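Visitor: I am new to this structure and would like a close look at one part of it. Please take me through how the two domains of the first chain meet, and then outward from there.

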Amino acid sequence: MRFGQVVAAGFAACFVLSGVFVAGAARAEETIKVGLIDPMSGAFAATGRMGEQHFRFAIDRANNGVLAGTGMKLELVVLDNEVSPEKSLVMLRKAIDDGVHYITQGNGSSVAYALTDAVAKNNKRDPDRAVVYLNYAAVDPSLTNDKCNWWHFRFDADSDMKMHALTDYLVAQKDIHQVYVFNQDYSFGQAVERGALEMLKDRRPDLRVVGTDRVPLGKVKDFAPYIAKMQAAGADAVVTGNWGVDLALLVKAAADSGFKGRFFTYYLQSPDIISQVGPAGKGAALINAYFYGMAYGDLEQQAADFGKQYDQIFNFWTAVNEMEMLGAAIKKAGSSDPLKVGKALDGMTWKNPMGTVTMRADNHQLLQPMFISVLDSGTKHIFPDVNMGFREISRIEPEQTKMATTCKFPNAPR
Amino acid sequence: MEAGILVLLNGLVYGLLLFMLSSGLTLIVGMMGVLNFAHASFYMLGAYVAYSISTFVGFWPALLVAPLVVGALGALVEHYGLRAVHRHGHLAELLFTFGLALIIGELTALAWGRWPVPYRVPVALDFPLFHVGTTAYPAYRMFMMGVSVAMFVALYAALARTRLGLVVRAALTHPDMVAMLGHDVPKVFTLVFGGGCALAGLAGVMAGNVFTTDPGMARALGAIVFAVVVMGGLGSISGALFASLLIGLVQTVSIGLDMKLYAALGYIGLHVDPHGWLSDVWEISINRAAPTVPFLMLILILAIHPKGLSGSRSS
């Protein structure tokens, strides 16, 4: 019996020790899942999948640089939402059930509204399964103003900030006198229109808005009648938040009709637009945080690495910036606990190749350098067969992009 | 005056494009009773095949070859697919074409990628043909108009003047009788289906380089094609032409009307209170509602004349 007891004790000791090793190993390397909720099928699949590629690239970079701290690895979980708010909530529930504490999304402010609301409710009812929502491209200003939520962090300038910079540049162009405002008819497009009308009012006595128009998202094929209206109104500039086919077709129709007005856009730099629009887009302006060919820091190397690995144009710089800041926040907090990481992100400053960026503590909007650039020939081309690229015209410092906020976080943790 | 000419031209081009797209469908629906959900997918295939051919030998060979390729594909689909499903009834055929549309969509994205492809207007036609005031009118659009008109004339002549056209028209209303008379009705069906798909393919070849060629193009135009077909009357080519021109012109005119609905109604003598009941409806600006116009017209025409403008098949 004594031998049996020794053997039993030996087994027990083995179990305990192996348990210690397993637990130790688990603590030694932790995987932090990041859920990407974006369209992977349906009408916007191309944009969603391009976003996925950028996040994979960003997470690989962050892991290779051990940005999140020793033993902390980020892992991407992809959840297809087909830009539907209902499906996004289903995906959010799935993510939470799978132990994901960080979600990111960008395609569609409509989805962003649904997600930020669901995240706030979830975190209130179920603090152990709290989720941090990192928004990389949904730019409706309400998300960091009247609909703000402490758990939501936005990494792209909101549409009012972009409009502010764009209109400042437009007003300074003395040869522009009549502006047409053209947008897609949904929450974002309407926010752009509102911002443009407000920020162009009474800026210069010889500058006025001569017309506004809206088109349903992705439904109109023939923009020639709209261009005809712009020409009839005598517009020499068009301010538009259009993206995707709606922007490509608009610029193409303008070139076909010999429309001489300049375009001032938010989303011209999407590779599909450049490849379709080609030389027709010459002179069109873009407000953005990054355009292909930017030479600050190691950006060109990043773009080249991305291109080599994914055979795609490097475009969504905000994804890389977001993952780097998430990694840095995890390291600063010393843990992957969403509340601690959220507190680390709150007010965090970070140095990226363009300069120093700050995550505002009062509304969780990132302040970063913005750039006005112009599509031109004779610059570093984006595609080998299309001799067009972006040329930087003006750089706006982060502090200048800051705008007043109405946000008073209803759910800021103590 | 200048604006009026432009509206007319733009409306005509758009309407004729719709006609090209729906002429094949009206024959298919009229004759075979098959609601071909995949019709817009053949349009998309036409654009993609033309793009691929044009990267090797240029636009002009593509213009000839791509519709034939798409037509052949349509004929194959009918012969091996639809014919087997036909005996199970109209619902089965509808589901088959619906599934086909989804499959073609995904295969296209697999083959050519999810991004739009750089299918361009041929250099020979890429110049402004004339100017209306300060607006340039591209030569390619006039070419599109020309091809559509030629297509209508050819189709009409083929149906009205040739023996085959006679058989096709008879099979539209009396397929059993035509079969009794010794004609190979299934072969006629295959021909019509293939021909309809070839016409859709031709529309794709012409429009793909102006309106971008991407995997979503079928979905974008699918609904409006059905509106045109139903409005024009199932089986009637001239009905389809009339309906598409009407839709094209009315929609283009609506885009130019920057007035609210209550103001427009006021013009024709109907006074509504813009601040009272249904104020959200009266405040709608007509130019913003322009893309819904085809469907509103469809409802109107069906309410007045359920067979469509010149329908010859009521089931």
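**Where two domains meet**

Guide: Start with a distance: in this predicted model, the centres of domain 1 and domain 2 of chain A lie 28 Å apart, taken over C-alpha atoms. The domain assignment gives domain 1 as 28-157 + 297-368. It gives domain 2 of chain A as 160-288 + 369-400. Each of these domains is therefore listed as two stretches of chain A, under an automatic or database domain assignment.

Now the contact itself. On one side stand 17 residues of domain 1 of chain A, and they are in contact with 18 residues of domain 2 of chain A. Helix 2 (45-64), helix 4 (109-125) and strand 12 of chain A each supply at least two residues of the domain 1 side. Strand 12 of chain A gives the most to that side, with 3 residues. By class, the domain 1 side has 9 nonpolar, 7 polar and 1 charged residues.

Follow strand 12 of chain A next. Strand 12 covers residues 355-359. It belongs to an open sheet of 3 strands in chain A, in the order 11-12-13. The pairing there is antiparallel. The edges are strand 11 (349-352) and strand 13 (366-367) of chain A, each pairing on one side only. Strands 11 and 12 of chain A are joined by 4 bridges. Within strand 12, A:Thr358 is the bridge partner of A:Thr349. As a general point, strands of a sheet pair through backbone hydrogen bonds, either parallel or antiparallel.

Another strand of chain A deserves a stop. Strand 4 of chain A spans residues 132-135, and A:Asn135 is found in it. A:Asn135 has 29 other C-beta atoms within 10 Å, so this residue counts as buried. The cut-off for that is 20 or more. Leave aside residues up to four places away in sequence, and A:Asn135 touches A:Gln105, A:Gly106, A:Ala112, A:Leu143, A:His152, A:Phe153, A:Arg154 and A:Phe155. A:Asp117 is 18 residues from A:Asn135 along the chain, and their C-alpha atoms are separated by 13 Å.

Now step outward to the other chain. Chain B puts 26 residues in contact with 29 residues of chain A. Several elements of chain B each supply at least two residues of its side, among them strand 2 (135-138), helix 9 (217-232) and helix 10 (237-256). Helix 1 of chain B gives the largest share, 5 residues. The chain B side divides into 14 nonpolar, 8 polar and 4 charged residues.

Helix 1 of chain B also leads inward. The largest nonpolar core has 216 residues, and helix 1 of chain B gives the most to it, with 17 residues. This core also draws at least three residues from each of domain 1 and domain 2 of chain A. B:Leu17, B:Tyr43, B:Ala47, B:Ala203 and B:Val228 touch the most other members of the core. Take B:Ala47: beyond its neighbours within four places in sequence, its contacts include B:Tyr119, B:Gly204, B:Val205, B:Ala207 and B:Gly208. In soluble globular proteins, nonpolar side chains tend to be buried together.

One helix of chain B closes the tour. Helix 8 of chain B runs over residues 185-208, 24 in number. From first C-alpha to last it reaches 34 Å, close to the 34 Å expected at 1.5 Å a residue. Of its 24 residues, 20 are buried, so helix 8 of chain B is largely enclosed by the rest of the structure.

Definitions and conventions. Residues are numbered from 1 along each chain as its sequence is written. Chains are lettered from A and ligands numbered from 1 in the order in which they are written. This is a predicted model: local features need pLDDT of at least 70, side-chain atom pairs count only at pLDDT 80 or more; totals for chains, interfaces and linings use all residues. Two strands pair if DSSP finds at least two bridges between them. Two residues are in contact if their C-beta atoms, placed from the backbone, lie within 7 Å. Ala, Val, Leu, Ile, Met, Phe, Trp, Tyr, Cys and Pro count as nonpolar, Asp, Glu, Lys and Arg as charged, and the others, Gly among them, as polar. The expected span of a helix is 1.5 Å times one less than its number of residues. A residue is buried if 20 or more other C-beta atoms lie within 10 Å of its own, exposed if 12 or fewer, and partly exposed in between; C-beta atoms are placed from the backbone. A nonpolar core is a set of buried Ala, Val, Leu, Ile, Met, Phe, Trp, Tyr and Cys residues joined through C-beta atoms within 7 Å.
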